[in-house]
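This report describes one protein model, moving from a group of neighbouring strands to a single residue and then to the protein as a whole. Please examine the sequence and the structure before reading on.

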Amino acid sequence: MSSTTKLAVPNVVLQSSFSMPVIGFGTASETNDGDTVKAAAIEAIKLGYRHFDTASCYGSEQALGEAIAEALKLGLISSRDQLFITSKLWLSDNHPHLVLPALQKSLQNLGLEYLDLYLVHFPMSAKPEVRKFYHKEDELVPFDLKGVWASMEQCHNLGLTKSIGVSNFSTKKLEDLLSFATIPPAVNQVELNLSWQQKNLREYCKAKGIMVTAYSPLGAGGTSWGSNDVMESELLKDIAHVHGKSIAQVSLRWLYEQGVTFAVKSYNKERMKQNLEIFNFSLTNNDYQKINQIKQERKVKNGPAGFDLADLLWDGEN
């Protein structure tokens, strides 16, 4: 596809005063291949994606950085400032003295001078010497949220990231953070889709001016943590048929109508394009009545550890 097929994506303004595209392009994969990520990111830029979501633990920062450099070289974008880049602080670096070095390492991997958004990936810490995605319970250590957030604020004040935020934070953990934060989190990135709608958390974040970004917005089917509950829903299939849209488009449209942002991940060119084509229709009251009947179940139960994280991460909340 050529750059002439580029689709416009609306922006939201964060409480940090910076604009963020509603739709982000995710780069998390259990089978990451640098060349695949690079090619997909370049194609995404051609199509109109301007927000790219990565993390130190994804192993995709370097490939994304190469894609950004290539896009600049090809003239697909005129400057790095046209992109919104998010990365995240991993558990083994989730210690006050390691935050700044971790961000500097991410910037080095990406070949960038600053991030647009830097997130605390999980409200938990692992031993610094243990660097992997799946942690055992005995590899976790007490999480110093106050100290870590002070270091996040330092990163912001140094100009290394325009906005700071969190990921996988419950309302209780956000409340704790807001009790001492000098700079409030601009974003909370959480699992959010039609089979895990997070109404209470969304309402809390809206009241506090925190933008919610949904990961696994289509249920993350095909992954070890996801399911096909969304994409194989007969109810959603009926709604999609009425609108002449796909289930994915209906699902993303619902997120957009809730006032949240989201990161989608597909390396299929046609689906990448379809995921941007959600701004020319609206869901009806009848659609919402059906959507409200969808069974709710959290998909990310174990996250970055081999044990149930529900109590540790989400305080038992729904």
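Strands β10 (residues 187–191) and β11 (residues 211–215) pair in the parallel sense, and five bridges join them. One position shows the pairing in detail: N188 has V212 in β11 as its bridge partner. Between these two strands the chain passes through helix α6 (residues 199–208), and the resulting β-α-β crossover is right-handed. The model in which these features appear is a predicted one.

Strand β10 also pairs with strand β9 (residues 161–167), again in the parallel sense, over two bridges. Here S167 stands opposite Q189 in β10. The chain travels from β9 through helix α5 (residues 171–178) to β10, and this β-α-β crossover is right-handed. The table sets out the two pairings of β10.

| Strand pair | Sense | Bridges |
|---|---|---|
| β9 and β10 | parallel | two bridges |
| β10 and β11 | parallel | five bridges |

How well covered is β10? The strand is mostly covered, since five of its five residues are buried. As general background, side chains in a regular strand alternate between the two faces of the sheet.

Helix α5 offers a further view of burial. Its buried residues are T171, K173, L174 and L177. Because these residues cover an arc of only 160° around the axis, they lie on the same side of α5. A general rule is helpful here: an α-helix has 3.6 residues a turn, so residues three or four places apart point the same way.

Attention now turns to a single residue, L103, which is located in helix α3 (residues 99–110). Is L103 buried or exposed? Its relative accessible area is 0%, and L103 is therefore buried, as the cut-off for burial is under 20%. Leaving aside residues up to four places away in sequence, L103 touches L115, Y118, C155, L160 and T161. Of these, T161 belongs to the residue range of β9, which spans residues 161–167. L103 and D93 are ten residues apart in sequence, and their C-alpha atoms are 9.5 Å apart in space.

Finally, the protein may be considered as a whole. It contains eleven helices and twelve strands. Of its 318 residues, 54% count as buried. The accessible surface comes to about 13700 Å², and carbon and sulfur atoms account for 49% of that surface. Among contacts between residues at least 6 apart in sequence, 73% join residues at least 24 apart.

Methods
Residues numbered from 1 in each chain as written. Predicted model: local features only at pLDDT ≥ 70, side-chain atom pairs only at ≥ 80, totals over all residues. Heavy atoms only, no water. Helix = DSSP H or I, 4+ residues; strand = E, 2+ residues; numbered from the N terminus. Buried < 20%, exposed > 50% of the residue type's maximum accessible area, 1.4 Å probe, protein only. Contact = heavy atoms within 4.5 Å. Areas by Shrake-Rupley, 256 points an atom, 1.4 Å probe, with all protein chains shown as cover. Pairing = 2+ DSSP bridges. Right-handed = clockwise from strand over helix to strand, strands pointing away. Arc of directions from axis to C-beta.
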